[in-house]
Amino acid sequence: IELKPLLDYCLSSEENLLQYAKVYIELSNGKMDDDPSFIEQLLNYDILFQNRDAENEVITLAEAILNSIPNLSIDYTEEKFNKLSLDNKTKLIKNLVVNQKAQVNSYIVLSYFSIHPDFSDPDFLDPDGYSDLIDFINQDSNFILSRDSFLQLNLNWDFQNAFFTRIVSANDLELAIYKSMLAGMKLHYEEFDKKGLSDERMGVLIDLKIIDFNTSNLDFIRTEYTSMRTYFIFKNIEKYLKIEGGVHDEIELNDLLQYEGLDDSYKLQIIDILDYVSLKNQKFSIELITHILDSKFDINDFSYIISSDYYDNADESIKNKIRELTKEHWDKLINLDNSEISIHLCEWLLGLGDIEDSERKNLLKNNLLSNPEMSKYRLYLLGDNLDLFELWEIMNLLSDSDIHAEWIEAFNKLNQNEDVGHNGNQSATVSNCEFNIKLLEYLKKRDIISDKSRPDLKGIVLYGFRSGQIEYQ
């Protein structure tokens, strides 16, 4: 149908307009694909909202036209429909939104909201038609709310605040639209009290600084949005660190230290607020670890930092800090009789030139050689420090090892000399292993066995003396 010349003629009188509308509805057969501007011009007359459709007397001519046009086709503005009465304009706006016949723009969204007074009532939790508005807005993922339209359409602050509040609470609004609409309004809460929002939406509110950072809002988020507490603080870290009066929470501060996105400069300030900081299972930078070991070390971490998993993989500068702490807490080290200790740290400690042999012996005897966590290193540690012990002490330390039995047998055989009625000296053989070679040298140096004793193809051959008994118990 060529609408323009005919429409110009029909708009010249209400009678012609009604006749034209009825014929147009009948000929379109429920499908109007014509230029939307013609439809917009046609709907700008009250008479179409006052007369019924001949085929369906339940609806008006305007409704029949709206039912026939494509979705999202009408570009609604105030100017295009300025001839309509307020009542009919309200009907048009509702139809365009509920049936999704209008393009999503700021005028139709704000107009629809303004004609629903219940939307502005904070106690009205689910106003009729509100979900229709959200469904309508979601039809255009690229919708951006015009701030000028928001400010000019209705100058009433209560209206603007009500609209803002409803959008903030809109959990069903597509997230990208949610973010763009709130960014366009540029409003914020001094006192935030909205419950039940998703973490995604809270993230948007925090990113856009819609929630002011203050102690009241922090307490609310701590209570109602625990999962977003750290993020809220992270996005407002400078304000948080400046708060005084016991607002900082220990668990909260430690959570911030684990937050990967937080710069070390802030983490250093957090460390200074805390009494001490644990290093257990933390991924801290060398700078942070150094600061913690220097001034905020948690003594409960002592066994953790001297373990092979931590010490052996630490930076050399951190190893130096750990060594100094180990020397400082020597007594505690000796009493850690069920904790694994890095063998490399053990070697360093035992090789220190500024500790007494008695202290070195004490560390070995009361920890390293009796500690079940260090059992695989026992022969190695004992073999390198035999001179600190008497023979009977060495045998006691070996009492639960396989080596102990062969040495008992060897000593008993060497003791079968002239002192007990046998002729001359005796010999015995023990297995040839690293520890036994070290013990061989120990025994020869102390004149407990003959210098003739030596390793051969069968093992280590030991020679005793014609007289004298080996005291090994």
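Helices and strands are taken here as DSSP runs, helices being H or I over at least four residues and strands E over at least two, numbered from the N terminus, and a residue is called buried when its relative accessible area is under 20%, exposed when it is over 50%, and partly exposed in between, with a 1.4 Å probe and protein chains only. The model is predicted, so that local features need pLDDT of at least 70 and side-chain atom pairs count only at pLDDT 80 or more, while totals for chains, interfaces and linings use all residues. Residues are numbered from 1 along each chain as its sequence is written, and side-chain values use heavy atoms, with hydrogens and water left out.

We may begin with helix α2, which covers residues 14-28 and has 15 residues. From its first C-alpha to its last, α2 reaches 21 Å, close to the 21 Å expected at 1.5 Å a residue, where the expected span is 1.5 Å times one less than the number of residues. Asn 16, Leu 17, Leu 18, Tyr 20, Ala 21, Tyr 24, Ile 25 and Ser 28 are the buried residues named in α2. An α-helix has 3.6 residues a turn, so residues three or four places apart point the same way. After α2 comes Asn 29, whose phi is positive, near 55 degrees.

Some residues of α2 return in the surroundings of Leu 48. Contact means heavy atoms within 4.5 Å, and Leu 48, leaving aside its neighbours within four places in sequence, is in contact with Leu 17, Leu 18 and Ala 21, as well as with Leu 42, Thr 60, Leu 61, Ala 62 and Ile 65. Leu 48 also belongs to the largest nonpolar core, which has 153 residues, and is listed there with Phe 163, Met 181, Leu 182, Met 185, Phe 192 and Leu 205 as having the most contacts inside it. Such a core is a set of buried Ala, Val, Leu, Ile, Met, Phe, Trp, Tyr and Cys residues joined through side-chain atoms within 4.5 Å.

A search of the whole structure for cavities of 30 Å³ or more finds 1, and about 30 Å³ of space lies in the largest cavity. Its lining is formed by Met 32, Asp 34, Pro 36, Ile 39, Ile 69, Pro 70, Ser 73 and Ile 74, which by class gives 6 nonpolar, 1 polar and 1 charged residues.

Several loops deserve a closer look. Gln 100 is found in the loop between α6 (86-98) and α7 (106-114), where it counts as buried because its relative accessibility is 18%. Not counting residues up to four places away in sequence, Gln 100 touches Asn 71, Leu 72, Asn 95, Asp 135, Phe 136 and Gln 139. Lys 186, in the loop between α11 (175-185) and α12 (199-207), has a positive phi of about 55 degrees although it is not a glycine, and it is exposed, with a relative accessible area of 60%. Lys 209 lies in the loop between α12 and α13 (215-224); this residue, not a glycine either, has a positive phi of about 60 degrees, and at a relative accessible area of 40% Lys 209 is partly exposed.

Further along, Ser 307 occupies the loop between α19 (302-305) and α20 (308-311) and is buried, with a relative accessible area of 12%. Leaving aside its neighbours within four places in sequence, Ser 307 is in contact with Asp 312, Glu 340, Ile 341 and Ser 342.

The last part of this account concerns helix α27, residues 402-414, whose 13 residues reach 19 Å from first C-alpha to last, close to the 18 Å expected at 1.5 Å a residue. Its buried residues, among them Trp 407, Ala 410 and Leu 414, pack against α25 (378-383), α26 (391-397), β1 (427-430), α28 (434-445) and β3 (459-463). In strand β3 lies Leu 462, which counts as buried because its relative accessibility is 0%. Not counting residues up to four places away in sequence, Leu 462 touches several residues, including Trp 407, Ala 410, Leu 414, Ser 427, Ala 428, Val 430 and Leu 440. Leu 457, by contrast, sits in the loop between β2 (454-456) and β3 and is exposed, with a relative accessible area of 92%.

Key. 1 Å grid on protein atoms, 1.4 Å probe; cavity = no way out; pocket = protein on both sides within 12 Å on 5 of 7 lines; lining within 4 Å. Points joined across faces, edges and corners; volume = space filled by probe spheres on them. Nonpolar A, V, L, I, M, F, W, Y, C, P; charged D, E, K, R; others polar.
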